[in-house]
Amino acid sequence: MAERSLDLEAVRAFIRIAELGSFTRAAEALRTTQAAVSLKLKRLEDRLGFRLVERTPRYVELSAQGTTFLDHARRLIDAHDRAVAAVAGARQRLTIGISEHVAGPELPALIARMNAQDPQLLIEIRIGTSADLLQRFDRRELDTVLVRMHVGRSDGEVVTDEQFGWFATPGWQHRAGEPLPLATMAEPCGVRAVAEQLLDEAGIPWTEVFVGGGVMAVAAAVMAGLGVAALSPRMVPFGAVDVGPRLALPALPRLPIVLHTRVQDSRARGALAALGAAFRGAVRS
């Protein structure tokens, strides 16, 4: 039995390879080298007596045995982490960044969902722009970020997407012959960039009349009658209306919400799974 005991760090490496589909990304997540990750996997495969991963020049794919072993590997690591946490008596910290355009009125319910998943998990949440949060994630200041899909990045997991509209206060009228007055978030903001690009392509003159440091400020400017803003229906105050069809404004696309994480252990991943599920429900409702 002793000869069949498994190296837990090698098991963690296998899980990260399976989740990220890449030795390079797994190495980055584990803060080590690709060679070290490859060596851990080889030792694990040698100990088990079968291949876990089929390697090709373009991608990484689990073998049939690897697919079967993955669930057992996650349970093993989860049991280990829970045992260590119980003995240490310390609460594990999970630091999450959530974009201004993603965090909405449902945030308290989402936090409650994560807490219900694991009450012993210490959750720390930071709110900011997608660009700022992604930079902080890349600097390893945040464990996880939930942001709008960012131009130039293809990593992360798409959690859901949602429709945007051109919102204004009821009764607001656009003065003929004048540029469309826009209330926007401060740069850099992906939603702002998409909205302005669509107006330019449609040949619709526009001008910024308000720049807010957060979505709540932009929504307040809309309800104050300053102009129009590109917002998710979740984010607008009760009573705001979508004036896009009436003003013949270009349709805004559905914008993806993406989860970027380097979390490895099963406890934190369980909380993130609960967050994703709750958020998908909030967007659909």
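**Notebook: salt bridges, helix packing and one buried strand residue**

**Entry: Asp46 and Lys42**

I looked up Asp46 and found it exposed, with a relative accessibility of 52%. The cut-off for exposed is over 50%, so Asp46 counts as exposed. I note here that the model is predicted.

Which residue does the side chain of Asp46 meet in a salt bridge? I found Lys42, with 3.0 Å from N to O. Lys42 is partly exposed, at 47% relative accessibility. I then checked the spacing. Asp46 and Lys42 are four residues apart in helix H3 (residues 34–48), so about one helical turn separates them. Side chains of opposite charge can pair when their charged atoms come close.

**Entry: other salt bridges**

I searched the whole structure and got ten salt bridges. I wrote down two more pairs.

Asp71 forms a salt bridge with Arg75, at 3.1 Å from N to O. Both residues sit in helix H4 (residues 64–88), four residues apart, which is about one turn of the helix. Asp71 is partly exposed at 37% relative accessibility, whereas Arg75 is exposed at 55%.

Glu141 and Arg139 also form a salt bridge, and their closest N and O atoms are 2.9 Å apart. I read 39% relative accessible area for Glu141, so Glu141 counts as partly exposed. Arg139 is partly exposed too, at 46% relative accessibility. I followed the links further. Arg136, Arg139 and Glu141 are joined in a network of salt bridges.

**Entry: helix H6**

Arg136 led me to helix H6, residues 130–138. Which residues of H6 are buried? I listed Ser130, Ala131, Leu133, Leu134, Arg136 and Phe137. So Arg136 is buried in H6 and also belongs to the salt-bridge network with Arg139 and Glu141.

I asked what the buried residues of H6 pack against. I found four strands: E3 (93–99), E4 (122–128), E5 (144–148) and E12 (255–261). After H6 comes Arg140, and I noted that its phi is positive, near 65°.

**Entry: H1 against H2**

Two packed helices are described by the angle between their axes and the distance between the axes. I took helix H1 (residues 8–20) and helix H2 (residues 23–30). Their axes come within 8 Å and cross at roughly 125°. H1 is therefore oblique to H2. The crossing of H1 past H2 is right-handed.

I listed the residues in contact. H1 gives Ala13, Arg16, Ile17 and Leu20. H2 gives Phe23, Arg25, Ala26, Ala29 and Leu30. I sorted this contact by class: seven residues are nonpolar, two are charged and none is polar.

**Entry: H1 against H3**

I repeated the check for H1 and H3. At what angle do the axes of H1 and H3 cross? I got roughly 110°, and the axes come within 8 Å. H1 is therefore roughly perpendicular to H3. H1 passes H3 in a left-handed crossing.

On the H1 side I found Glu9, Ala10, Val11, Ala13, Phe14 and Ile17. They meet Val37, Lys40, Leu41 and Leu44 of H3. By class, I counted eight nonpolar residues, two charged and no polar ones in the contact of H1 with H3. I compared the two lists. Ala13 and Ile17 of H1 appear in the contact with H2, and Ala13 and Ile17 appear in the contact with H3.

**Entry: Val53**

I picked Val53, which lies in strand E1 (residues 53–55). Is Val53 buried or exposed? I read a relative accessible area of 0%, so Val53 is buried.

I then looked up what Val53 touches, leaving out residues up to four places away in sequence. The list is Phe14, Ile17, Phe23, Leu41, Glu45, Val60, Glu61, Leu62 and Ser63. I recognised some of these names. Phe14, Ile17 and Leu41 take part in the contact of H1 with H3, and Phe23 is in the contact of H1 with H2. I also looked up Ala64. Val53 and Ala64 are eleven residues apart in sequence, and their C-alpha atoms lie 8.8 Å apart.

**Entry: the chain as a whole**

I closed with the totals. The chain has ten helices and twelve strands. What share of its 285 residues counts as buried? I got 45%. The C-alpha atoms fill a box of roughly 80 × 45 × 30 Å along the principal axes. I also looked at contacts between residues at least 6 apart in sequence, and 75% of them join residues at least 24 apart.

Definitions and conventions
Residues numbered from 1 in each chain as written. Predicted model: local features only at pLDDT ≥ 70, side-chain atom pairs only at ≥ 80, totals over all residues. Heavy atoms only, no water. Axes fitted to C-alpha atoms, helices over the stretch in contact; angles between N-to-C directions. Helix = DSSP H or I, 4+ residues; strand = E, 2+ residues; numbered from the N terminus. Parallel < 35°, antiparallel > 145°, perpendicular 65-115°, else oblique. Left-handed = near helix turned anticlockwise from the far one by under 90°. Contact = heavy atoms within 4.5 Å. Nonpolar A, V, L, I, M, F, W, Y, C, P; charged D, E, K, R; others polar. Salt bridge = Lys/Arg side-chain N within 4 Å of Asp/Glu carboxyl O. Buried < 20%, exposed > 50% of the residue type's maximum accessible area, 1.4 Å probe, protein only.
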